[in-house]
Amino acid sequence: MNILFASPEVVPFVKTGGLADVAGALPQALTALGHRVKVILPLYKCIDHKKFRIKRISVFAGNQSITIGDKKYDFDVFTASDKNSDVEFVFVANDKLFGRDGVYLDPVTGEDYPDNDERFIFFAAAALDAARGIDFRPDIIHANDWQSGMIPGYIATIYSDDPYFKNSRTVFTIHNIGYQGHFSKKTFDKLGLAGTYYSPGSPFEYWDHVNFLKIGITTSDLTTTVSETYAREIQSGNEMGFGMEGILFYRRNDLFGVLNGVDYDVWSPQNDELIPFNYSVKDTSGKELNKKALLDEAGLRSNGKRIPLIGAISRLADQKGFDLIEKIANRLFSLDIAFVLLGTGNDNYHILFKEMEKIYPERVRAFLKFDNRLAHLIEAGADMFLMPSRYEPCGLNQMYSLKYGTVPIVRKTGGLADTIKDFSMYPLEGNGFVFEEYEAERLLDAIQRAILIYKDRATWEKIMKRGMTADLSWDSSAKKYIRIYEKALEKEKVTL
Ligand code: ADP
């Protein structure tokens with residue numbers, strides 16, 4: 001199969017969250033199954049041309065440009081191949097739109113760029129033009145999140161008869177329904193579609209606005225999301241569906257949940273190039289040394305005592321359950337623990353954790369930045385990993401944690417519910433500590449249970465090793481995607 005995989009962020013080029021990890025790993029797993037995959041993304045300013053040997057290619061005879069409303073944007077196409085994979089990467093470039101310091105947010109204001117609609121209309125239109133330019137006739141176009149929503153939108157409309165895409169089917173994946181690309185109705189005029197497409201009930205209209213996520217869901221041949229539980233949750237009502245529950249329920253036969261996998265070349269203590277001491281399930285002694293290295297880097301002391309080190313790596317957003325931590329902060333940090341946080345996000349949480357550092361200098365360290373090396377060290381050095389999310393489409397860090405023998409403490413939601421089973425002593429089972437109601441007291445209970453079991457070293461090691469031996473690699477998820485692509489190819493395509 002020829003697969004065009006479109007994503008607004010892709011490891012190793014640009015990453016703000018889990019989507020980048022998925023877009024870096026899934027195409028490789030599909031290639032390993034014998035398929036031809038090209039990954040397409042915007043050429044942001046932060047992407048290092050030299051490091052990735054990014055080359056401009058001339059693929060068009062004439063001038064290539066995209067018209068968005070009354071503006072005309074020229075574009076170039078670049079390529080790169082990552083030495084570690086057979087996947088080819090294609091970049092669409094326009095300096096005015098993507099030659100900026102932030103990916104989605106303006107780092108000066110902390111707000112979304114006001115022209116994100118134009119930036120990602122451009123991405124969708126240029127991605128399809130670039131595919132034609134390089135003569136890649138995709139069987140499947142797999143688009144991800146709202147930033148790629150107009151890709152199925154164009155395939156279902158102005159490109160429905162295009163010879164390059166005549167036999168193509170589209171699959172659209174929702175990685176987080178909380179981010180929708182919701183714009184005023186003026187955005188419709190920038191899409192380049194006939195006015196008749198803007199009517200109540202049309203994919204291109206949403207409460208007299210334009211919503212790119214709705215466009216992706218309603219114009220793709222099949223829609224997926226990143227865990228089975230999340231696929232059910234987002235249809236269940238407004239609290240989890242964020243307004244999309246109605247259309248998702250309507251399309252329920254075309255909606256599938258596929259759990260993300262882990263790229264163990266990047267995330268396993270045996271191969272990890274970013275941690276000081278490698279270790280494996282056969283010999284976990286390196287984990288103790290990483291713990292010491294992490295405590296040192298964090299400026300925390302254990303005074304020779306075996307105290308549990310709790311780690312967290314996260315966007316500091318309400319979704320991730322920080323309001324629960326805030327409610328129990330003083331009681332939590334009065335326990336005999338060490339706590340290391342790595343994250344950036346809402347100012348109120350920056351303030352909270354800086355304050356906690358001041359009150360509990362021996363126990364709490366908050367690194368308020370994005371730092372991939374430190375993320376690996378926390379996975380390797382912590383004893384427990386905290387992820388009390390309000391909702392979690394899949395979640396990657398709890399799966400990484402399992403491999404590193406770092407026992408997850410999670411709320412039972414989305415992908416966390418699908419990967420972490422609560423510990424029980426009789427019978428001895430479970431790979432983490434799970435709480436159900438979104439309440440601070442329940443979170444504290446789960447942490448206290450974990451701390452109690454941690455004291456019983458033999459039992460703790462059994463929990464660690466159960467996590468370390470589990471296989472959550474991409475292979476089985478990639479095969480599930482292939483079955484979904486085959487289903488899409490059997491369907492009559494969506495044409496509007
Ligand atoms: P989401 O996509 O909702 O942010 P996921 O758990 O799916 O959450 O993926 C988050 C990814 O981003 C993980 O790979 C995690 O290690 C990484 N990450 C999040 N915050 C940081 C940070 N401050 N520094 C380094 N990596 C981070």
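Helices (DSSP runs of H or I, at least four residues) and strands (DSSP runs of E, at least two residues) are numbered from the N terminus. The model is predicted: local features need pLDDT of at least 70, side-chain atom pairs count only at pLDDT 80 or more, and totals for chains, interfaces and linings use all residues. Residues are numbered from 1 along each chain as its sequence is written, and side-chain values use heavy atoms, with hydrogens and water left out.

**View 1. The shell around the ligand.** Strand 14 gives the largest share of this shell, 3 residues. At least two residues each come from helix 1 (18–32), strand 14 (309–316), strand 15 (338–345) and helix 13 (397–403). A residue is near the ligand if one of its heavy atoms lies within 4 Å of it. There are 19 residues around the ligand, and Gly18, Asp21, Arg315, Lys320 and Lys369 come nearest. By class, the shell has 7 nonpolar, 6 polar and 6 charged residues. Here Ala, Val, Leu, Ile, Met, Phe, Trp, Tyr, Cys and Pro count as nonpolar, Asp, Glu, Lys and Arg as charged, and the others, Gly among them, as polar. Domain 1 (2–261 + 475–490) and domain 2 (285–471) each supply at least three shell residues. The domain bounds come from an automatic or database assignment.

**View 2. Polar contacts to the ligand.** A polar contact is a pair of N or O atoms within 3.5 Å; within protein, one must be able to donate a hydrogen and the other to accept it, and residues adjacent in sequence count only if both atoms are side-chain atoms. The side chain of Arg315 places an N or O atom 2.8 Å from a ligand oxygen. Lys369 uses its backbone: an N or O atom there is 2.8 Å from a ligand nitrogen. At Asp371, a polar backbone atom lies 3.0 Å from a nitrogen atom of the ligand. On its own the ligand has 560 Å² of accessible area, and the protein covers 93% of that. Areas come from the Shrake-Rupley method with a 1.4 Å probe; for residues, only the protein chains shown count as cover.

**View 3. An open sheet of 9 strands**. The strand order is 3-6-7-2-1-8-9-12-13, with mixed pairing. Strand 3 (55–57) and strand 13 (255–257) are the edges, each pairing on one side only. From one strand to the next, the twist averages 25°. Axes are lines fitted to C-alpha atoms, for helices over the stretch in contact, and angles run from 0 to 180 degrees between N-to-C directions.

**View 4. Strand pairs within the sheet.** Two strands pair if DSSP finds at least two bridges between them. Strand 8 (residues 140–144) and strand 9 (residues 169–174) run parallel, joined by 5 bridges. Ala143 has Phe172 as its bridge partner in strand 9. Strand 3 and strand 6 (residues 76–81) run antiparallel with 3 bridges; Ile57 is partnered by Val77. Strand 6 also pairs with strand 7 (residues 88–93), antiparallel, over 6 bridges. Ser81 and Glu88 are bridge partners there. Strands 6 and 7 form a hairpin, with 6 residues between them.

**View 5. Backbone exceptions in loops.** Most residues other than glycine have a negative phi, and most peptide bonds are trans. The bond from Val11 to Pro12 is cis, omega near 10°. Pro12 sits in the loop between strand 1 (2–6) and helix 1. Tyr426 and Pro427 are also joined by a cis peptide bond, omega about -5°. Pro427 belongs to the loop between helix 14 (414–419) and strand 19 (433–435). Trp207 has a positive phi, near 50°. Its loop lies between strand 10 (182–184) and strand 11 (209–211).
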